[in-house]
Amino acid sequence: MDAYPLDYVSHNLPLVVLSGLRPTPDTETPAGHGTTINSELPLVEGERAEQLLSEFSRAEGTDRPRAGASKLMGFKFKVVGRQYSLPPRKAQPPQDSPSLRPLDEPRSPVWALHSPISPLSPGSPIYPDGVMLPVWVAKHQHQVPATFVAFFDFASDTARNSLHDNQLKTDINAIKAALYRSGYKSRLVVVLLSDTTILSAPDIEDRLATIRRATGLDSKTGLFFLPPNISRVEVASFVDSLLLALQPGCVEYYRDLTKHARRKKNRGSIPPPTAPPTRGTSQTLAALGWGVRYDFKLGVFAEFRQEMEAACRHYTLALELLLGPDGIFETTASWSPRWDEARLLADAVAIRIIRCLLWSQLTSSAAQSWLNYRDRLRELVDRRGKGSSNYGWEAWESRWAKIMAQLIQRANMATLSDSDAVFAPAEKGLPIGERLTPWYLLHHAGYWQRMAAKHAMARRSQALSLAEEDRTPPGKSPASAVARRYGTDTFLCPEPHAEYPLSGPGFNHSLDILEKLSDALTTFKEKRQNRMADFVRLDVCREHFRANQPDLALAELKKLWREMAWRKERWWRLVFEVCRALHECARLTGDVEGLVVSQYELLALPFATNHAIDLMAAGAGGEGSGEAVEIDLSSENVASFLSGTFVFSQAEANVGEPLRAQLTLRSNAQSPHKPVILSSVAVQFAGSITDVKILHQAASEATEAKPIRQLTLREEDRSTLVGETDLQLSPGGCIVIEFPLTLREAGNVLTESIHLNIETEAFASRYSASLDAPALWWMAGPNRLVSRRIHRDEPAAVKVLPRPPKMNVATPDASQNYYTDELISLDILVTNSEDEETEGTLEVRILSREATAPAFVWVDADASDDVEPDAHGDNSDSDSDDTADLPGHPIGRLAPGTQKTKTIRFSAPPDPTDLVLEVKVLYHLLSDRQTPVSKTHAADINIVRAFEANYEFKPLFHPEAWPSFFTPPASDSKPAGISHRWRLISRLTSFAEQALTVDDVDLVLQTASGGAECVTTKDPKPPAELQPSEQHERNFTLDLTKASLDDRRATALDLSLAITWRRPGCDVVVSSLPIPPINASNNEPRVLATARRAHSPAESTPSRELIHLDYTLENPTMHFLTFELTMEANDDFAFSGAKVRVCNILPLSRETVCYQILPLVNGAWIEPKLRVTDRYFGKVLRVQGADGVRSDGKGISVWVDVDDEDS
């Protein structure tokens, strides 16, 4: 917008004059014969004055991105001293001249005076038929304030308070009188800066009230008081509150001006001029022109009030009056200066309309308004003006697009603030179903800046097409040429002789285009439109090249060449344009790197076939040819004509076996171009394969005729294999190189990169080829090469497997099951099935589900003692020093087909578990000691129990007498409590698969809790041989004695069986078999039944006829108990004894009741039933069987033997 008067196109803000804070600048020009405001009081000085000026500057709304976006409206501040001149409202009357006065009027006429800038005043620049000038806008924006703010010091000196207050009243009233005389309705606001607070000087309030009454100032909006010693934050708050108080008054001021302009518009008549025009055929401004003038004024006043919608309506009416069928342009000649004034006004009005629409968020309407005005003005210029086919119109188009970009940036719209927002969506006020074309949607500023650059290029083209006579200065051209020159539109642009002179500099089109392209490039980058940014950057490079600036063009082209997205998106035509421009700039500047990188891509593109390109001669003979330039290229940043692929013949291979591989080199250049010679090709791997390097070596014709070149690589160092062949590639040529690779280590091998190197005297380039090309395996056909596609995900990768082991490992004597606690010996048989002699070691691990696995020892067959293991379970046997580099137990050398046995020994764990014996043989061939080979053998070892048992725990009658409650215990350390006897019957069952010999079974007492002493005895039995699933019974007696009579706790016993057993012909093993926890209770009364055979006096053998059955009633409690005993009759036996009786038992005592039983049956169980009832509790005690008695769920039973006579 720099080409237009700033007052025409700038946004209007209420003008506030700040008087008394700083002297009037020297650049301020007096307003002629207007009213002058004076004050005799000195200026306000000091830190507070500077702070106030700083805060007012911060609140200035001129530089805001968008006025009215905050709660506080924008203001325009003007800082003056104590004197300020207002422009006159009326022009001076013209001098008394006969040419200005009618003949019939007297000598002293009464003139109709108007504004000095009105078309009715003879001294106005637009007198008599002009419409508007920027001077009118400048008058209200820079000269006539809406509010006049006067700052005064308010001193607190008791001796001079009255004098100072009177001076303040006088100056304030004088300012008010001057404002009244000026005819303007500017408001006066006074700010008093005190040096004392109201708390320190209470009379300040009375003084302020007096001043307020004397001057007639409003206490809320006319007079403000600023105390001393306030912070910067308080100053800022004061300024904000002051401006908020001024805001309604400013809006009301411009509303009064709007009402005045509307009244003048509505009166319907043209006011008479001060003096009628008398020169030529001039006429006064028509009514249509006055309508334009008034609507423009109403729009400007609405902008002052920040009412953008109202301003847009008035501007639209003014523009319609300018461009309408009967508008100003229709009645004004195109050669007249009024035509250019009208165009200037129309452009200013259109700019203001677009700004109002943008600030109202009417984005699509703004874009349509911009397009409609351009189309209407082109039609008007073509019809009434000098046409649109000239550089003047293109200059206007470029300017118009640039203005739109500036308005969009200034509007700061939320819809375009996002970095990804390319255009703003259409506003919601559009009719439903209506679709807008893309150019009716508001795009971001970069779109318009690029459009401005395009029209600037078109302007240059039009200027370059000017005829030579049009470019001649006016004083040197003939009259016909001067007359024709008026046919060129020069609105806001130079004349033809200055636009494109015959000699000397003219208008700098390149600078203008570059500025616009640079702005567009910045915006497209911010919006992350990379493609458009590349387009604009290419235009910038072309413009630099056109301006004879190849260095700048080369720097920009290199940056574009590296960053452009067209290469990845395969827009090859654009890539070709960039590379061709880069090649030309590099050729002119002698840049070798630019020549090489551009030729790399030009050789690959089908568009560069008009001349042959010789890459090997790039940069030859240049100034910098003394030292070669190093250039690194890759398939990611260049579309090279060279390509390389590497393929393995197999997906898997073994260590030590050769693997075939193919390297294919291809040139995609076309026939007119020259061949290239690769100095070397390097293939790098990730894995256990050494890198491969192929060097160039010129070959004979016979070698070149071979379709596939077979190479044998030699090892140059430990990391590189080297071979030589001819690496010359003709356009469209292909080289296939095949060679074997020996794999040394197992693992995954992946081809990392393929580097194609070219070295000349001028440059040394290294191109990293892409590995994504289709994988083909080439074979020699009858007449040509034949390819076979490799169907693998990664043809350039191979999985290297270890060398297949041929050493066999076995455990021939391993049993299916082993038993707990036994000593296990296992033989490990190693068999060499290799074709060569080997040497190796054994590594053994025993894996268990438990936390710790059993340790083992190696058994030396040649020695009597075992070989102790080291920390890892192996030893340092020195049978062979050749296996020192292999970890584990050495097995020495094995000839092909031989065997060797090693033995380990370990103890089985005490609990059943599953073990895994893992045996790993690690060996190498004597011919290849660098390649270790291993084989692992695993065997399952099940550890089970050899025996299982079930148990029966029953009470017995203890023969010892119980201690008396009334007799104190002895002083010895024996337990003084009650003793009980129990019988534990264990029935062992063999779970072994073979016969086992049980030598002995012991009862092991682990713990006895409950304050009791336990003594165990066992029934002696000889060793017994148990067959699988056979049972073996062992009985144990437990005597429990409490330590005290008062102890009533149950006794918990933790017992286990220690079984001494052996396999046939093996060592003795002691296994532990846990017994479930046993609780022996002694705190309740119980009844024990004991049976024994009666003996006749004459015979020593027991009688088969009479059985003594003793019932022992025990009372271990502290209570006196009474029991009722009832013996029930039975058909199987007869008994002698009380059928019913009562038994009283003292505490801690027992009593035995005897019955004699005469069985009536033989060879059967009889079931005597004695009912024992606690009389007090009514509880029936269960009778428990002891010696000679069987107990079950029904009661007790006694076995009756078979008589010899009956048998």
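Buried means under 20% relative accessible area, exposed over 50%, and partly exposed in between (1.4 Å probe, protein chains only). This is a predicted model, where local features need pLDDT of at least 70, side-chain atom pairs count only at pLDDT 80 or more, and totals for chains, interfaces and linings use all residues. Residues are numbered from 1 along each chain as its sequence is written, and side-chain values use heavy atoms, with hydrogens and water left out.

**Exercise 1.** Place asparagine 412 and classify its exposure.

*Solution.* Step one: find the loop between helix 11 (391-411) and helix 12 (445-464); asparagine 412 is there. Helices here are DSSP runs (H or I, at least four residues), strands likewise (E, at least two), numbered from the N terminus. Step two: read the relative accessible area. It is 48%, so asparagine 412 is partly exposed. Step three: check the backbone. Asparagine 412 has a positive phi of about 55 degrees, although it is not a glycine. Most residues other than glycine have a negative phi.

**Exercise 2.** Do the same for leucine 492.

*Solution.* Leucine 492 sits in the loop between helix 13 (479-485) and helix 14 (496-499). Its relative accessibility is 33%, so leucine 492 counts as partly exposed. Its phi is positive, about 55 degrees, though leucine 492 is not a glycine.

**Exercise 3.** Is threonine 811 buried or exposed, and what is it in contact with?

*Solution.* Start in the loop between strand 25 (807-810) and strand 26 (817-819), where threonine 811 lies. At 13% relative accessibility, threonine 811 is therefore buried. Now set aside neighbours within four places in sequence. Threonine 811 is in contact (heavy atoms within 4.5 Å) with Asp827, Ile828, Leu917, His937 and Ala939.
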